[in-house]
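Open the model in your viewer and keep the selection tool at hand. The stops below run from one side chain outwards to the chain contact.

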Amino acid sequence: MNNNFKKSIQNAMNKNSNTPIFDTTKTNNNQEVQIPSSQTEENFMPQEESNLDSGGAQVIQKQSDKNKDKPLKVFGGICVALFVATMVFIFSSTPSVNTTDAAKNALTDKVSTSLAAGTVLLRKDENIGHQDYTITHKYNQNDTKIWVWDYAAEDGDYVQVLVNGAPVAEAFMIKHKPVEITVPAVGEVQIKGIRDGGGGITYAVRYDLNGTNYFNSAPEGEFNTYTLIKE
Amino acid sequence: MGKLKNVLGNTAAVIYFLAVMWWILLMLIFVPIGLFFDINTIRESGFSTLNIGTAFIGIFGLFIGLSLLIPAFRKMYYKLPWMFPFVKILYPNVIIMSIATMLLNYGYEVQNPSRHSLFFIIMICQLIVSRALMCIYFSRKKVQYIGGDINE
(Lines give C-alpha, C1' and ligand atoms only; values in the text may rest on other atoms or scores of the structure.)
Protein backbone atom coordinates (compact mmCIF):
# COMPACT_ATOMS: atom_id res chain seq x y z
CA MET A 1 0.00 0.00 0.00
CA ASN A 2 2.72 2.36 1.01
CA ASN A 3 4.84 1.62 -2.07
CA ASN A 4 1.92 2.15 -4.41
CA PHE A 5 1.08 5.37 -2.63
CA LYS A 6 4.67 6.66 -2.96
CA LYS A 7 4.70 5.76 -6.65
CA SER A 8 1.43 7.61 -7.26
CA ILE A 9 2.81 10.69 -5.49
CA GLN A 10 5.99 10.59 -7.58
CA ASN A 11 3.96 10.26 -10.77
CA ALA A 12 1.79 13.20 -9.75
CA MET A 13 4.90 15.25 -8.94
CA ASN A 14 6.60 14.41 -12.23
CA LYS A 15 3.52 15.32 -14.21
CA ASN A 16 3.28 18.65 -12.47
CA SER A 17 6.11 20.20 -14.51
CA ASN A 18 5.00 23.83 -14.26
CA THR A 19 5.28 23.91 -10.47
CA PRO A 20 7.23 26.93 -9.15
CA ILE A 21 10.76 25.98 -8.01
CA PHE A 22 11.94 27.00 -4.56
CA ASP A 23 13.60 23.96 -3.17
CA THR A 24 15.04 20.71 -4.45
CA THR A 25 15.04 17.26 -2.93
CA LYS A 26 16.85 14.29 -4.34
CA THR A 27 14.87 11.09 -4.74
CA ASN A 28 16.27 7.63 -4.26
CA ASN A 29 16.87 7.12 -7.99
CA ASN A 30 18.91 10.38 -8.11
CA GLN A 31 16.19 12.15 -10.01
CA GLU A 32 15.66 15.75 -8.96
CA VAL A 33 12.06 16.44 -8.08
CA GLN A 34 10.86 20.00 -7.63
CA ILE A 35 8.90 20.66 -4.48
CA PRO A 36 7.52 24.09 -3.73
CA SER A 37 8.67 24.94 -0.22
CA SER A 38 5.62 27.08 0.42
CA GLN A 39 3.38 24.06 0.12
CA THR A 40 3.13 21.14 2.48
CA GLU A 41 3.34 17.58 1.23
CA GLU A 42 -0.37 17.18 1.72
CA ASN A 43 -1.14 20.03 -0.69
CA PHE A 44 0.96 18.22 -3.16
CA MET A 45 -0.96 14.96 -3.02
CA PRO A 46 -3.96 14.03 -5.07
CA GLN A 47 -6.94 14.84 -2.84
CA GLU A 48 -8.46 11.37 -2.74
CA GLU A 49 -5.14 9.75 -1.85
CA SER A 50 -4.47 12.17 1.00
CA ASN A 51 -7.87 11.42 2.49
CA LEU A 52 -7.26 7.71 2.23
CA ASP A 53 -3.81 7.51 3.76
CA SER A 54 -2.88 10.37 6.10
CA GLY A 55 -0.41 8.06 7.97
CA GLY A 56 1.56 7.57 4.79
CA ALA A 57 1.66 11.33 4.27
CA GLN A 58 3.16 11.76 7.72
CA VAL A 59 5.85 9.22 6.89
CA ILE A 60 6.67 11.12 3.71
CA GLN A 61 6.66 14.42 5.61
CA LYS A 62 9.20 12.97 8.04
CA GLN A 63 11.27 11.63 5.15
CA SER A 64 11.18 15.03 3.50
CA ASP A 65 12.30 16.75 6.74
CA LYS A 66 15.13 14.22 7.05
CA ASN A 67 16.23 14.97 3.48
CA LYS A 68 16.18 18.70 4.22
CA ASP A 69 18.27 18.16 7.36
CA LYS A 70 20.82 15.96 5.62
CA PRO A 71 23.09 18.71 4.17
CA LEU A 72 23.02 20.51 7.52
CA LYS A 73 23.96 17.36 9.42
CA VAL A 74 26.71 16.48 6.95
CA PHE A 75 28.22 19.97 7.13
CA GLY A 76 27.85 19.96 10.92
CA GLY A 77 29.70 16.66 11.08
CA ILE A 78 32.51 18.08 8.93
CA CYS A 79 32.74 21.14 11.22
CA VAL A 80 33.02 19.01 14.37
CA ALA A 81 35.59 16.76 12.65
CA LEU A 82 37.62 19.88 11.82
CA PHE A 83 37.34 21.01 15.45
CA VAL A 84 38.69 17.65 16.64
CA ALA A 85 41.46 17.70 14.02
CA THR A 86 42.57 21.22 15.01
CA MET A 87 42.55 20.35 18.71
CA VAL A 88 44.68 17.25 18.04
CA PHE A 89 47.05 19.37 15.92
CA ILE A 90 47.32 22.15 18.53
CA PHE A 91 47.79 19.86 21.53
CA SER A 92 50.17 17.46 19.78
CA SER A 93 52.42 20.35 18.72
CA THR A 94 52.46 21.91 22.20
CA PRO A 95 54.82 20.00 24.50
CA SER A 96 54.03 20.09 28.19
CA VAL A 97 56.16 22.12 30.56
CA ASN A 98 58.70 19.96 32.40
CA THR A 99 58.15 20.41 36.14
CA THR A 100 60.54 17.76 37.45
CA ASP A 101 63.27 18.55 39.97
CA ALA A 102 65.85 18.38 37.17
CA ALA A 103 63.91 21.07 35.29
CA LYS A 104 63.64 23.26 38.41
CA ASN A 105 67.39 22.89 38.98
CA ALA A 106 68.03 23.75 35.34
CA LEU A 107 66.06 26.98 35.76
CA THR A 108 68.11 27.91 38.83
CA ASP A 109 71.52 26.84 37.50
CA LYS A 110 70.73 27.68 33.85
CA VAL A 111 72.73 24.57 32.96
CA SER A 112 71.69 20.93 32.81
CA THR A 113 73.20 17.67 31.69
CA SER A 114 70.22 15.48 32.53
CA LEU A 115 67.51 17.09 30.38
CA ALA A 116 66.97 16.26 26.73
CA ALA A 117 67.18 18.76 23.88
CA GLY A 118 63.77 20.42 23.37
CA THR A 119 62.81 20.44 27.05
CA VAL A 120 60.34 23.21 27.87
CA LEU A 121 60.83 24.78 31.29
CA LEU A 122 58.40 27.69 31.28
CA ARG A 123 54.95 28.40 29.93
CA LYS A 124 55.69 32.12 29.52
CA ASP A 125 58.88 33.98 28.78
CA GLU A 126 60.78 35.13 31.86
CA ASN A 127 63.98 37.10 31.88
CA ILE A 128 66.53 34.84 33.57
CA GLY A 129 69.46 37.05 32.56
CA HIS A 130 72.06 36.45 29.91
CA GLN A 131 75.44 34.92 30.38
CA ASP A 132 78.56 33.94 28.40
CA TYR A 133 80.18 30.53 28.93
CA THR A 134 83.58 28.97 28.42
CA ILE A 135 83.31 25.27 27.57
CA THR A 136 86.42 23.14 28.00
CA HIS A 137 86.15 19.70 26.43
CA LYS A 138 88.07 16.63 25.22
CA TYR A 139 86.04 16.16 22.02
CA ASN A 140 88.07 14.44 19.30
CA GLN A 141 86.37 15.68 16.16
CA ASN A 142 86.71 19.02 14.41
CA ASP A 143 82.99 19.75 14.23
CA THR A 144 80.20 19.28 16.68
CA LYS A 145 76.45 19.60 16.64
CA ILE A 146 74.42 22.08 18.62
CA TRP A 147 70.65 22.22 19.07
CA VAL A 148 68.84 25.50 19.67
CA TRP A 149 65.23 25.77 20.86
CA ASP A 150 62.84 27.98 22.80
CA TYR A 151 62.49 26.64 26.34
CA ALA A 152 59.62 29.02 27.19
CA ALA A 153 56.67 30.29 25.13
CA GLU A 154 56.88 29.81 21.37
CA ASP A 155 56.22 33.49 20.72
CA GLY A 156 58.19 34.31 17.59
CA ASP A 157 61.71 34.92 18.96
CA TYR A 158 64.44 34.90 16.31
CA VAL A 159 68.13 34.13 16.83
CA GLN A 160 71.18 33.71 14.63
CA VAL A 161 74.20 31.48 15.22
CA LEU A 162 77.63 32.93 14.47
CA VAL A 163 81.06 31.29 14.63
CA ASN A 164 83.97 33.64 15.30
CA GLY A 165 81.73 36.56 14.28
CA ALA A 166 80.56 35.07 10.96
CA PRO A 167 77.02 33.71 10.55
CA VAL A 168 76.84 29.96 9.95
CA ALA A 169 73.16 30.00 9.16
CA GLU A 170 70.39 32.47 8.50
CA ALA A 171 68.46 33.90 11.44
CA PHE A 172 65.57 31.60 12.31
CA MET A 173 62.55 31.47 14.57
CA ILE A 174 63.18 29.39 17.66
CA LYS A 175 60.47 26.91 18.49
CA HIS A 176 60.11 24.07 20.95
CA LYS A 177 61.43 21.69 18.33
CA PRO A 178 65.24 22.00 18.39
CA VAL A 179 67.09 23.19 15.29
CA GLU A 180 70.35 21.32 14.62
CA ILE A 181 73.42 23.28 13.48
CA THR A 182 76.99 22.07 12.96
CA VAL A 183 79.75 24.28 14.39
CA PRO A 184 83.53 23.87 14.88
CA ALA A 185 84.56 22.20 18.15
CA VAL A 186 87.05 24.98 18.84
CA GLY A 187 86.35 28.69 18.64
CA GLU A 188 83.68 31.19 19.63
CA VAL A 189 80.06 30.30 19.03
CA GLN A 190 77.77 33.28 19.41
CA ILE A 191 74.00 33.26 19.58
CA LYS A 192 72.60 36.63 18.60
CA GLY A 193 69.12 37.83 19.47
CA ILE A 194 67.49 39.04 16.26
CA ARG A 195 63.89 39.65 17.20
CA ASP A 196 61.98 39.57 20.46
CA GLY A 197 58.51 38.14 20.03
CA GLY A 198 57.62 39.38 23.54
CA GLY A 199 59.01 38.82 27.04
CA GLY A 200 62.65 38.56 25.95
CA ILE A 201 64.46 36.18 23.62
CA THR A 202 64.63 32.99 25.66
CA TYR A 203 66.55 30.13 24.13
CA ALA A 204 68.37 26.98 25.12
CA VAL A 205 71.35 25.45 23.40
CA ARG A 206 72.69 21.92 23.77
CA TYR A 207 76.28 21.10 22.88
CA ASP A 208 76.91 17.59 21.65
CA LEU A 209 80.57 17.80 22.66
CA ASN A 210 79.81 17.92 26.39
CA GLY A 211 76.14 16.86 26.43
CA THR A 212 75.11 20.00 28.30
CA ASN A 213 72.11 22.28 27.88
CA TYR A 214 72.51 26.02 28.50
CA PHE A 215 69.33 28.01 29.22
CA ASN A 216 69.99 31.59 28.29
CA SER A 217 68.50 34.77 26.88
CA ALA A 218 69.85 37.30 24.41
CA PRO A 219 68.57 40.86 24.15
CA GLU A 220 67.64 42.04 20.66
CA GLY A 221 70.79 42.90 18.69
CA GLU A 222 73.15 41.47 21.35
CA PHE A 223 74.67 38.04 21.68
CA ASN A 224 75.95 35.41 24.11
CA THR A 225 79.37 33.93 23.47
CA TYR A 226 80.24 30.28 24.09
CA THR A 227 84.00 29.88 23.93
CA LEU A 228 84.92 26.31 23.03
CA ILE A 229 88.38 25.24 24.15
CA LYS A 230 89.92 21.80 23.61
CA GLU A 231 91.97 20.50 26.54
CA MET B 1 3.98 17.83 25.89
CA GLY B 2 4.99 18.27 22.25
CA LYS B 3 4.20 21.97 22.46
CA LEU B 4 6.33 22.39 25.61
CA LYS B 5 9.18 20.58 23.86
CA ASN B 6 8.80 22.98 20.95
CA VAL B 7 8.88 26.04 23.20
CA LEU B 8 11.96 24.78 25.04
CA GLY B 9 13.66 23.96 21.74
CA ASN B 10 12.90 27.40 20.32
CA THR B 11 14.12 29.10 23.51
CA ALA B 12 17.36 27.12 23.38
CA ALA B 13 17.83 28.08 19.73
CA VAL B 14 17.23 31.79 20.47
CA ILE B 15 19.66 31.72 23.41
CA TYR B 16 22.31 29.91 21.36
CA PHE B 17 21.88 32.37 18.52
CA LEU B 18 22.16 35.45 20.74
CA ALA B 19 24.95 34.10 22.96
CA VAL B 20 27.10 32.28 20.41
CA MET B 21 26.07 32.29 16.76
CA TRP B 22 25.72 36.03 16.47
CA TRP B 23 29.42 36.44 17.31
CA ILE B 24 30.46 33.52 15.16
CA LEU B 25 28.64 35.03 12.16
CA LEU B 26 30.35 38.39 12.71
CA MET B 27 33.74 36.77 13.17
CA LEU B 28 33.27 34.72 10.00
CA ILE B 29 33.35 38.07 8.20
CA PHE B 30 36.14 39.75 10.17
CA VAL B 31 38.59 36.88 10.77
CA PRO B 32 39.54 36.49 7.06
CA ILE B 33 40.07 40.27 6.93
CA GLY B 34 42.26 40.06 10.05
CA LEU B 35 44.24 37.20 8.51
CA PHE B 36 44.72 39.28 5.38
CA PHE B 37 46.23 42.03 7.56
CA ASP B 38 48.44 39.37 9.22
CA ILE B 39 49.78 38.43 5.79
CA ASN B 40 50.51 42.11 5.17
CA THR B 41 52.30 42.38 8.54
CA ILE B 42 54.43 39.30 7.79
CA ARG B 43 55.40 40.73 4.40
CA GLU B 44 56.25 44.16 5.81
CA SER B 45 58.10 43.05 8.96
CA GLY B 46 59.82 40.01 7.45
CA PHE B 47 58.98 37.93 10.53
CA SER B 48 56.36 35.28 11.25
CA THR B 49 53.31 36.01 13.36
CA LEU B 50 51.37 33.62 15.56
CA ASN B 51 49.21 31.07 13.75
CA ILE B 52 45.87 32.16 15.18
CA GLY B 53 43.97 30.88 12.15
CA THR B 54 44.17 27.28 13.37
CA ALA B 55 42.47 28.20 16.63
CA PHE B 56 39.69 29.98 14.72
CA ILE B 57 39.11 26.91 12.52
CA GLY B 58 38.67 24.87 15.71
CA ILE B 59 36.42 27.36 17.53
CA PHE B 60 34.19 27.99 14.52
CA GLY B 61 34.07 24.27 13.75
CA LEU B 62 32.87 23.47 17.25
CA PHE B 63 30.13 26.10 17.49
CA ILE B 64 28.90 25.80 13.90
CA GLY B 65 28.99 22.01 14.22
CA LEU B 66 26.92 22.07 17.41
CA SER B 67 24.40 24.45 15.86
CA LEU B 68 23.94 22.06 12.93
CA LEU B 69 23.98 18.74 14.78
CA ILE B 70 21.71 19.56 17.72
CA PRO B 71 18.12 19.47 16.39
CA ALA B 72 16.91 22.30 18.67
CA PHE B 73 19.70 24.62 17.51
CA ARG B 74 19.21 23.58 13.89
CA LYS B 75 15.90 25.44 13.91
CA MET B 76 17.90 28.67 13.57
CA TYR B 77 18.76 27.68 10.02
CA TYR B 78 15.09 27.27 9.13
CA LYS B 79 14.07 30.56 10.69
CA LEU B 80 16.99 32.41 9.04
CA PRO B 81 17.25 30.88 5.57
CA TRP B 82 20.35 32.96 4.64
CA MET B 83 22.35 31.49 7.50
CA PHE B 84 23.28 28.08 6.09
CA PRO B 85 24.68 29.43 2.78
CA PHE B 86 26.43 32.19 4.76
CA VAL B 87 28.14 29.72 7.09
CA LYS B 88 28.83 27.15 4.38
CA ILE B 89 30.62 29.71 2.21
CA LEU B 90 32.43 31.77 4.85
CA TYR B 91 33.76 28.90 7.00
CA PRO B 92 35.79 27.39 4.12
CA ASN B 93 36.93 30.96 3.43
CA VAL B 94 38.37 31.14 6.98
CA ILE B 95 40.08 27.77 6.44
CA ILE B 96 41.61 28.92 3.13
CA MET B 97 42.93 32.16 4.67
CA SER B 98 44.27 30.31 7.74
CA ILE B 99 46.19 27.85 5.56
CA ALA B 100 47.57 30.77 3.54
CA THR B 101 48.79 32.50 6.72
CA MET B 102 50.30 29.24 8.01
CA LEU B 103 52.19 28.74 4.76
CA LEU B 104 53.58 32.27 4.80
CA ASN B 105 54.47 32.01 8.50
CA TYR B 106 56.35 28.81 7.77
CA GLY B 107 58.26 30.48 4.95
CA TYR B 108 59.21 33.44 7.14
CA GLU B 109 60.52 31.27 10.00
CA VAL B 110 63.95 31.51 8.37
CA GLN B 111 65.36 34.86 7.33
CA ASN B 112 66.09 34.13 3.70
CA PRO B 113 64.72 36.42 0.94
CA SER B 114 64.46 33.67 -1.68
CA ARG B 115 62.62 31.42 0.80
CA HIS B 116 60.29 34.34 1.58
CA SER B 117 59.52 34.87 -2.12
CA LEU B 118 59.05 31.13 -2.70
CA PHE B 119 56.53 30.77 0.11
CA PHE B 120 54.74 33.96 -0.92
CA ILE B 121 54.28 32.48 -4.41
CA ILE B 122 53.14 29.15 -2.90
CA MET B 123 50.65 31.04 -0.74
CA ILE B 124 49.26 32.95 -3.74
CA CYS B 125 48.93 29.68 -5.69
CA GLN B 126 47.20 28.03 -2.72
CA LEU B 127 44.73 30.93 -2.47
CA ILE B 128 43.94 30.88 -6.19
CA VAL B 129 43.61 27.07 -6.39
CA SER B 130 41.51 26.84 -3.21
CA ARG B 131 39.19 29.65 -4.27
CA ALA B 132 38.85 28.16 -7.76
CA LEU B 133 38.02 24.73 -6.29
CA MET B 134 35.50 26.38 -3.98
CA CYS B 135 33.87 28.13 -6.96
CA ILE B 136 33.74 24.89 -8.97
CA TYR B 137 32.26 23.02 -6.00
CA PHE B 138 29.57 25.60 -5.33
CA SER B 139 28.71 26.01 -9.01
CA ARG B 140 28.26 22.23 -9.36
CA LYS B 141 26.61 21.69 -6.01
CA LYS B 142 24.61 24.74 -5.14
CA VAL B 143 24.12 25.61 -1.47
CA GLN B 144 20.54 24.68 -0.79
CA TYR B 145 18.16 27.39 0.19
CA ILE B 146 17.01 25.98 3.50
CA GLY B 147 14.26 27.14 5.75
CA GLY B 148 11.34 29.47 5.79
CA ASP B 149 8.98 26.54 5.64
CA ILE B 150 9.22 24.74 8.95
CA ASN B 151 6.11 25.28 11.01
CA GLU B 152 7.69 25.58 14.45
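A polar contact here is a pair of N or O atoms within 3.5 Å; within protein, one of them must be able to donate a hydrogen and the other to accept it. Keep in mind that this is a predicted model.

**Stop 1: A:H176**

Select A:H176. Its place is the loop between β8 and β9 of chain A. Show the side chain and the backbone oxygen of A:A152: the two are 2.6 Å apart. That falls under the 3.5 Å cut-off for a polar contact.

Is A:H176 buried or exposed? It is buried, because its relative accessibility is 11% and the limit for buried is under 20%.

Now show what surrounds the residue. Beyond four places in sequence, A:H176 touches A:P95, A:G118, A:V120 and A:W149. A:D150, A:A152, A:A153 and A:E154 are also on that contact list.

**Stop 2: the salt bridges**

Side chains of opposite charge can pair when their charged atoms come close. How many salt bridges does a search of the whole structure find? The count over all chains is 4.

Start with A:K138 and A:E231. Their side chains meet in a salt bridge at 3.8 Å, N to O. A:K138 sits in the loop between β4 (133–137) and β5 (143–149) of chain A. A:E231 belongs to the segment after β13 of chain A. The partners are 93 residues apart, so this pair links distant parts of the chain. Both ends are exposed: A:K138 has a relative accessible area of 66%, and A:E231 has 63% relative accessibility.

Next, select A:K145 and A:E180. The closest N and O atoms of this salt bridge are 4.0 Å apart. A:K145 lies in strand β5 of chain A and A:E180 in strand β9 (residues 179–184), so the pair ties together parts 35 residues apart in sequence. Colour by accessibility, and A:K145 counts as partly exposed at 36%. A:E180 counts as partly exposed too, at 45%.

**Stop 3: A:I229**

Move to strand β13 (residues 223–230) of chain A, and pick A:I229 there. Its relative accessibility is 38%, so it counts as partly exposed. Which residues does A:I229 contact, leaving aside neighbours within four places in sequence? They are A:T134, A:I135, A:T136 and A:H137. Add A:K138 to the view. Its C-alpha atom is 8.7 Å from that of A:I229, although 91 residues separate the two along the chain.

**Stop 4: across to chain B**

Select A:K175 and B:E109. Their side chains form a salt bridge at 2.7 Å, N to O. This pair crosses between chains. A:K175 is in the loop between β8 and β9 of chain A, and B:E109 is in the loop between α4 and α5 of chain B. The two ends differ in accessibility: A:K175 is partly exposed at 25%, whereas B:E109 is buried at 13%.

Then select A:D69 and B:R74. In this salt bridge the closest N and O atoms are 3.3 Å apart. Across the interface of chain A and chain B the rule finds 2 salt bridges. It also finds 9 residue pairs in polar contact there, with both residues at pLDDT 80 or more.

**Stop 5: the whole contact**

Show both sides together. Chain A gives 31 residues to the contact and chain B gives 32 residues. The area buried between them is about 2700 Å², and carbon and sulfur atoms give 67% of that. Highlight A:L72, A:F75 and A:Y158. In chain A these lose the most area to chain B, together 22% of what that side buries.

Colour the chain A side by element. β1 (23–26), α4 (54–92), β8 (172–173) and β10 (187–195) each give two or more residues. The largest share, 17 residues, comes from α4(A). By type, this side divides into 16 nonpolar, 5 polar and 10 charged residues.

**Stop 6: helix α5 of chain B**

Finish on residues 113–140 of chain B, helix α5. This helix has 28 residues and reaches 40 Å from first C-alpha to last, close to the 40 Å expected. Which residues of α5(B) are buried? Select B:H116, B:F119, B:M123, B:Q126, B:L127, B:S130, B:M134 and B:F138. What covers them includes α1 (2–45) and α4 (83–107) of chain B.

Key:
Residues numbered from 1 in each chain as written. Chains lettered and ligands numbered in written order. Predicted model: local features only at pLDDT ≥ 70, side-chain atom pairs only at ≥ 80, totals over all residues. Heavy atoms only, no water. Contact = heavy atoms within 4.5 Å. Buried area = accessible area lost by both parts, 1.4 Å probe. Helix = DSSP H or I, 4+ residues; strand = E, 2+ residues; numbered from the N terminus. Nonpolar A, V, L, I, M, F, W, Y, C, P; charged D, E, K, R; others polar. Expected span 1.5 Å × (residues − 1). Buried < 20%, exposed > 50% of the residue type's maximum accessible area, 1.4 Å probe, protein only.
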